[in-house]
Amino acid sequence: KRRALCAVLDEIDRRAEAAGEPELAVLVVRESDRLPGQGWWVGRRDYAGPWEGPAARTHVEAVQAAAFGYWRARAEGLASPAH
């Protein structure tokens, strides 16, 4: 099941990248430490540090903030005025 989930998340992120959107797989994290699993880290070009610990958390939080910020701005831009 986990492999299937990773494949689906990879495809979602591939399509997001092609559309100029931020990745979303970073939002799927382990309950224990709130970090993505090994599949998310493998092959990353924007991070070369450890997959756990403070540096990993800082990187993940930055990628998550970019995703939330992008979609928040999109939602605000698409919302109709209250008047």
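**Close-ups of a predicted model**

**View 1. Helix H3 and its buried residues.** In H3, the buried residues (under 20% relative accessible area, 1.4 Å probe, protein chains only) are Ala 56, His 59, Val 60, Val 63, Gln 64 and Ala 67. Part of their cover comes from helix H2 (38–41), where contact means heavy atoms within 4.5 Å. H3 itself runs over residues 54–78 and reaches 36 Å from its first C-alpha to its last, close to the 36 Å expected at 1.5 Å a residue (1.5 Å times one less than the number of residues). Helices here are DSSP runs (H or I, at least four residues), numbered from the N terminus.

This is a predicted model, so local features need pLDDT of at least 70 and side-chain atom pairs count only at pLDDT 80 or more, while totals for chains, interfaces and linings use all residues. Residues are numbered from 1 along each chain as its sequence is written, and side-chain values use heavy atoms, with hydrogens and water left out.

**View 2. Asp 13 in helix H1.** Look for Asp 13 within residues 2–18. Asp 13 is buried but has no salt bridge, and Arg 44, the nearest side chain of opposite charge, is 6.1 Å away. A salt bridge would put a side-chain nitrogen of Lys or Arg within 4 Å of a carboxyl oxygen of Asp or Glu. Instead, the Asp 13 side chain reaches the backbone nitrogen of Leu 24 at 2.6 Å.

**View 3. Trp 40 beside Trp 41.** These two rings make an edge-to-face aromatic pair, 4.7 Å centre to centre with 85° between the planes (pairs need centres within 6.5 Å; edge-to-face means planes over 60 degrees apart). Tyr 47 joins them in one aromatic cluster.

Conventions: Helix = DSSP H or I, 4+ residues; strand = E, 2+ residues; numbered from the N terminus. Buried < 20%, exposed > 50% of the residue type's maximum accessible area, 1.4 Å probe, protein only. Lys, Arg positive; Asp, Glu negative; His and termini not counted. Polar contact = N/O pair within 3.5 Å; in protein donor to acceptor, adjacent residues only side chain to side chain. Phe/Tyr/Trp six-rings, centres within 6.5 Å; stacked < 30°, edge-to-face > 60°.
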